[in-house]
Amino acid sequence: MPSFGRFLRLAFGASALLLVIVAAPAGAQQINPTASSVKEQQLLQELNRIQGRVSIPDQRSGVLEQPQGREWREFRNVTLRWIGGVAIVGMLALLVVFYLTRGMVRLESGRSGRTIVRFTLFERFVHWMTASCFIILAISGLNITFGRPLLLPLIGFEAFSEWSQWAKYAHNYLSFPFTIGVILIFLMWIAGNIPNKVDVAWIKRGGGIVGHDHPPAYRFNAGQKMIYWIVVIGGGLVAATGYALMFPFYMSGIEGMQMAQIIHSVVSVLFVAAMIAHVYIGTIGMEGAFEAMGTGEVDLNWAREHHSLWLDEQSGRTGPNDQRTQPATAAAE
């Protein structure tokens, strides 16, 4: 009996040792810190969301990791730069080619020496206030996307950091007068920017830009109406999404803010490209166009060639003998 008991103990001990030997590789594989199951990249891909507790009231700011964040980073660092580069550089290249082939759109009948009031002082103030804010907002905003790869290597870390800080201040504070300007532009000119049949004919005839035709138009032609709606809709979108980013977590969580940033940035770079075309037409692209927003008055022949229907309306309202409100006045006596 003692020998049989000793045999049982030996058999049990051998079985336990064999079980430990067989199970050891599996246990080692589970706790191996270099195994693929605990690699950081795989963990990030497998986990849908990492969220913790924060001390501020809004608990939505406690999201540390979520899948859309990686997609947003790829968009911001790669996709957005391609969209902005193609839109802005492409527009500049197109305008250079157009200017070299077409040149400035000249007044076919020359200057008459008489002018007509096109924009009031208040209208010009709103325009230039909005335009000035837009230029600074565009430069400071493009710095966020293109500053690090393009500007940082040229001026160094310290100068780039200082510049980016002031650009951020300007971007935030000038957004308020810009938004006010967009609202005023919408209210001032909405009546003259409703599309109509005249606009369709204007587009079919090239708008006076292609060739030497001068299709009739009211106060705003189809091209100017497109710019108007780009300013109103585009300006409204960048303002709304910009304020959502300026005051984070008030209106949405991190996912909503990522979407707001995507909309804000894409609309902004397309907005910049459209405004480059607008500036071209208003300066070197068309003779006499800048005077409309410069002095508020345009040459009578310019009005007749580019906005003949508007000129007819103005002349019909005043009458030929009303010297107080007659829009056509002598430029010099």
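**Pocket lining, two buried residues and confidence**

User: Which helix gives the most residues to the lining of the second largest pocket?

Analyst: Among the lining's contributors, one helix gives 16 residues, the most of any. Helices here are DSSP runs (H or I, at least four residues), strands are E runs of at least two, and both are numbered from the N terminus. A pocket is an open set of points on a 1 Å grid over the protein atoms alone where a 1.4 Å probe fits, with protein on both sides within 12 Å along at least five of seven lines, and lining residues have an atom within 4 Å of a point. The helix you want is α4.

User: Happy with that! What should I know about the model itself, and what is the mean pLDDT of the protein chain?

Analyst: This is a predicted model, in which local features need pLDDT of at least 70, side-chain atom pairs count only at pLDDT 80 or more, and totals for chains, interfaces and linings use all residues. Residues are numbered from 1 along each chain as its sequence is written, and side-chain values use heavy atoms, without hydrogens or water. pLDDT is the predictor's confidence in each residue, from 0 to 100. In the protein chain 75% of residues reach 70 or more, and the mean is 83.

User: Which element has the highest mean pLDDT?

Analyst: At the low end is strand β5 (residues 329–330), with a mean of 37. Over residues 319–333, pLDDT stays under 50. The highest mean, 97, belongs to α5.

User: How much space lies in the second largest pocket?

Analyst: A volume is the space filled by probe spheres set on the grid points, which are joined across faces, edges and corners. For the second largest pocket, this comes to about 1,200 Å³.

User: Is Ile88 buried or exposed?

Analyst: Ile88 sits in helix α3 and is in contact (heavy atoms within 4.5 Å) with residues beyond four places in sequence, including Leu142, Val269 and Ala273. Buried means under 20% relative accessible area, exposed over 50%, and partly exposed in between (1.4 Å probe, protein chains only). Ile88 has a relative accessible area of 12%, so it is buried.

User: Which residue's side chain makes a polar contact of 2.7 Å with that of Asp199?

Analyst: Asp199 lies in helix α6 (residues 197–204), and because its relative accessibility is 7%, Asp199 counts as buried. A polar contact is a pair of N or O atoms within 3.5 Å; within protein, one must be able to donate a hydrogen and the other to accept it, and residues adjacent in sequence count only if both atoms are side-chain atoms. The partner is Lys225.
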